[in-house]
Amino acid sequence: MLDIINNSGFKYIKLINLAIIISGRGSNMTSILSSIQKGKIQNVVPKVVISNNPDALGVDIAKKQFGIPTEIILPQGKKGWEYDCEIVTVLKKYKILKSNGLICLAGYMKILSKEFIDQYPFRIMNIHPALLPSFPGLHAQKQAIDYGVKVSGCTVHFVDSGIDTGPIILQEPVPVYSEDTEDTLSKRILEIEHKLYPKAITLLANDRITIKNRIVTIKE
Ligand code: GRF
């Protein structure tokens with residue numbers, strides 16, 4: 001995160017331990033992991049991919065394509081903090097702490113409890129396929145088409161205890177065409193998501209993000 005020169009003049013780099021939490025195909029996870037692999041995101045070490053869904057395609061990709069440890073945490077009827085505290089236990093096992101950790105939600109289909117979020121202030125990011133605060137929640141692309149907007153897009157934001165309401169880090173517009181279906185718009189937005197999420201992580205890793213009263217400022 002930071003280049004720090006210590007008293008003896010040696011420069012060392014503070015690394016960020018990354019967890020990615022998914023529920024499905026994991027294409028955003030893949031774009032993040034390949035950006036790290038290619039050196040486009042620096043100073044970030046992927047430690048674990050966590051899923052609530054044992055059949056998530058992304059779990060296989062994390063393991064086989066990237067060699068990242070994966071952990072499946074089955075809900076088994078547990079909700080809220082009762083479930084989330086199992087995730088936090090896994091995060092701590094992989095040394096993902098509020099001081100050095102980053103947790104990226106990437107198609108994770110559960111809502112995080114306040115107790116979880118409070119343990120990692122401004123250390124949990126999410127990507128949403130619309131220009132928030134428009135079209136939060138599920139089926140954001142269909143919501144955009146049904147409303148008739150001409151421009152939608154995607155947003156990377158910090159997670160707070162509301163649904164897609166946290167401080168906005170980056171947004172990118174995407175045009176909506178009259179012939180669009182939920183599927184065609186989703187694909188066009190997804191291409192941009194794959195660039196935007198790695199950019200946001202890079203900003204955090206390079207210590208370029210400051211937050212005051214929910215307003216995120218990007219330092220030059
Ligand atoms: C993406 O559209 C993301 O914006 C939303 O869920 C979808 C996940 O897709 N939060 P993938 O699993 O990353 O392919």
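In this predicted model, a backbone N or O atom of Asn28 lies 2.9 Å from an oxygen atom of the ligand. Gly26 makes a similar approach, with a backbone N or O atom 3.0 Å from an oxygen atom of the ligand. On the nitrogen side, a polar backbone atom of Ile127 is 2.9 Å from a nitrogen atom of the ligand. These three backbone distances are listed below.

| Residue | Protein atom | Ligand atom | Distance |
|---|---|---|---|
| Gly26 | backbone N or O | oxygen | 3.0 Å |
| Asn28 | backbone N or O | oxygen | 2.9 Å |
| Ile127 | polar backbone atom | nitrogen | 2.9 Å |

The ligand taken alone exposes 370 Å², and the protein buries 85% of that area. Two elements, α1 (27-37) and β7 (124-128), each give two or more residues to the shell around the ligand. The shell includes the run Arg25, Gly26, Ser27 and Asn28. Ile127, His128 and Pro129 also belong to the shell, as do Gly107 and Glu193. By class, the shell around the ligand holds 2 nonpolar, 5 polar and 2 charged residues.

**The pocket**

The site of the ligand is the largest pocket. About 940 Å³ of space lies in this pocket. It is lined by 37 residues, of which Gly107, Tyr108, Met109, Ile127 and Pro129 are the closest to its centre. Among these central residues, Gly107, Ile127 and Pro129 are also found around the ligand.

The elements α1, β7, α5 (140-147) and α6 (182-205) each give two or more residues to the lining of the largest pocket. The largest share comes from α6, with 6 residues. The lining of the largest pocket divides by class into 15 nonpolar, 14 polar and 8 charged residues.

**Backbone geometry in the loops**

Most residues other than glycine have a negative phi, and most peptide bonds are trans. Exceptions to both patterns occur in this model. The peptide bond that joins Leu132 and Pro133 is cis, with an omega of about 10°. Pro133 lies in the loop between β7 and α5. His139 is also placed in the loop between β7 and α5, and His139 has a positive phi of about 50° although it is not a glycine. The two elements that flank this loop, β7 and α5, both contribute to the lining of the largest pocket.

Asp164 is another residue with a positive phi, about 60°, although it is not a glycine. Asp164 lies in the loop between β8 (151-158) and β9 (168-175).

Note on methods
Residues are numbered from 1 along each chain as its sequence is written. This is a predicted model: local features need pLDDT of at least 70, side-chain atom pairs count only at pLDDT 80 or more; totals for chains, interfaces and linings use all residues. Side-chain values use heavy atoms; hydrogens and water are left out. A residue is near a molecule or strand if one of its heavy atoms lies within 4 Å of it. A polar contact is a pair of N or O atoms within 3.5 Å; within protein, one must be able to donate a hydrogen and the other to accept it, and residues adjacent in sequence count only if both atoms are side-chain atoms. Accessible areas come from the Shrake-Rupley method with a 1.4 Å probe; for residues, only the protein chains shown count as cover. On a 1 Å grid over the protein atoms alone, a cavity is a set of points where a 1.4 Å probe fits but cannot get out, and a pocket is an open set with protein on both sides within 12 Å along at least five of seven lines; lining residues have an atom within 4 Å of a point. A molecule sits in a cavity or pocket if more than half of its atoms lie within 2 Å of its grid points. Helices (H or I, at least four residues) and strands (E, at least two) are DSSP runs, numbered from the N terminus. Ala, Val, Leu, Ile, Met, Phe, Trp, Tyr, Cys and Pro count as nonpolar, Asp, Glu, Lys and Arg as charged, and the others, Gly among them, as polar. Grid points are joined across faces, edges and corners, and a volume is the space filled by probe spheres set on the points.
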